[in-house]
Each structure stands twice: as structure tokens, then as C-alpha cells.
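Here are my notes on this one, point by point. Have the structure open while you read.

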Amino acid sequence: MGKKSKAKKSQLKKSSLLCQRLQEALDRGSKVWIKTNNSSFGGIPTNLFGEFVELLVIVPPHEQAEHIDAYGQVTWLIRLSDIIALAYPTEYWSKDRLESLLPPDAVTSEVGD
């Protein structure tokens with residue numbers, strides 16, 4: 001009973017953290033990347049309820065589509081228990097800020113020096 005209780009508690013924490021990150025992305029309108037055992041998805045959470053998250057994906061025009069300039073919209077309904085990894089933006093840097101964090105020679109050095 002001790003092992004099952006610990007496993008359940010650990011899974012509950014994991015699920016709570018997953019839900020918390022998805023809720024934050026939902027509140028901010030931020031894109032997330034979700035990996036399951038069989039697929040990967042990248043989109044904006046639009047709904048989080050019970051055991052599921054709805055993920056909005058904007059699909060670019062397809063070359064062979066009738067309306068070449070038309071974007072599509074797909075909503076995936078993903079079971080939270082199927083998610084094995086979740087990536088979400090934590091911070092964005094401008095090119096200038098990124099370069100200021102790197103050593104000067106890392107940005108300006110040329111190949112062959």
C-alpha cells in the first residue's frame with residue numbers, strides 16, 4: 001500500500017504541475033508544444049477541463065489547396081494522461097540581449113581562427 005500511495009501522490013503532483021503550466025499558457029494565450037508517445041503538437045491551449053486540454057493549431061495554406069492563401073484551424077483534444085512532455089516559453093530575448101550575454105568572441109569569431 002505504501003508504494004501505490006507514493007506513486008499516486010507523485011502522479012498527482014505531476015498532473016497538477018502539468019495543469020498549472022497549461023492554465024498559465026491558456027491565461028496568457030501562449031503557444032505550447034506537447035509530446036505524447038505517438039505524436040507532437042504545437043498550439044495555443046483554448047480550454048482545459050477534467051482530463052483534457054484543447055489545443056488550437058493554425059495550419060498554413062497547402063500548396064495543392066483550392067484557396068492557396070487560406071489558413072486553416074484545427075483543434076486537438078488531448079488527454080492529459082497521454083502527455084509525456086510539455087514545452088512552454090519562459091522568456092524571449094532580443095538579438096541584442098542574447099549577444100550581450102555571450103562572450104564577445106563567441107559572436108564575432110570567424111571559422112578557421
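**Notes on the model**

1. Let's begin in the helix: the side chains of Arg21 and Glu24 form a salt bridge, with 3.3 Å from N to O. A salt bridge here is a side-chain nitrogen of Lys or Arg within 4 Å of a carboxyl oxygen of Asp or Glu. Arg21 and Glu24 sit three residues apart in helix H1 (residues 2-28), so about one helical turn separates them. Arg21 is partly exposed at 22% relative accessibility, and Glu24 is partly exposed too, at 24%. On that scale, buried means under 20% relative accessible area, exposed means over 50%, and partly exposed is in between (1.4 Å probe, protein chains only).

2. A word on what you're looking at. This is a predicted model, in which local features need pLDDT of at least 70 and side-chain atom pairs count only at pLDDT 80 or more, while totals for chains, interfaces and linings use all residues. Residues are numbered from 1 along each chain as its sequence is written, and side-chain values use heavy atoms, with hydrogens and water left out.

3. How far does the confidence go? The mean pLDDT of the protein chain is 81, and 74% of its residues reach 70 or more; pLDDT is the predictor's confidence in each residue, from 0 to 100. Among the elements, E1 has the highest mean (96) and helix H3 (residues 104-108) the lowest (64). Where pLDDT is low, the predicted coordinates should not be read in detail.

4. Now the overall layout. The protein chain has three helices and five strands, running α-β-β-β-β-β-α-α from the N terminus. Helices (H or I, at least four residues) and strands (E, at least two) are DSSP runs, numbered from the N terminus. Of the 113 residues, 15% count as buried.

5. The sheet is open, with its five strands in the order E4-E3-E2-E1-E5 and antiparallel pairing. Two strands pair if DSSP finds at least two bridges between them. E4 (72-79) and E5 (83-87) are the edge strands, each with a single partner, so one side of each has no neighbour in the sheet. From one strand to the next the twist averages 40° (axes are lines fitted to C-alpha atoms, for helices over the stretch in contact, and angles run from 0 to 180 degrees between N-to-C directions).

6. Which residue of E5 is the bridge partner of Ile34? That would be Leu86. E1 (residues 32-36) and E5 run antiparallel and are joined by four bridges.

7. Back to charges: the salt bridge count comes to four. One of them joins Asp82 to Arg79, with the closest N and O atoms 3.9 Å apart. Asp82 is partly exposed at 39% relative accessibility, as is Arg79 at 36%. Glu51 belongs here as well, since a network of salt bridges links Glu51, Arg79 and Asp82.

8. Finally, helix H2 (residues 95-101), which includes Leu101. Lys95 and Glu99 lie four residues apart in H2, about one turn of the helix, and their side chains meet in a salt bridge (3.6 Å, N to O). Lys95 is exposed at 62% relative accessibility, whereas Glu99 is partly exposed at 30%. Leu101 also helps make a nonpolar surface patch of about 380 Å², together with Trp93, Leu98 and Leu102. Patches are made of residues with over 30% relative accessible area and no salt bridge, joining like charges within 9 Å and nonpolar side chains (Val, Leu, Ile, Met, Phe, Trp, Tyr) within 5 Å. Accessible areas come from the Shrake-Rupley method with a 1.4 Å probe; for residues, only the protein chains shown count as cover.
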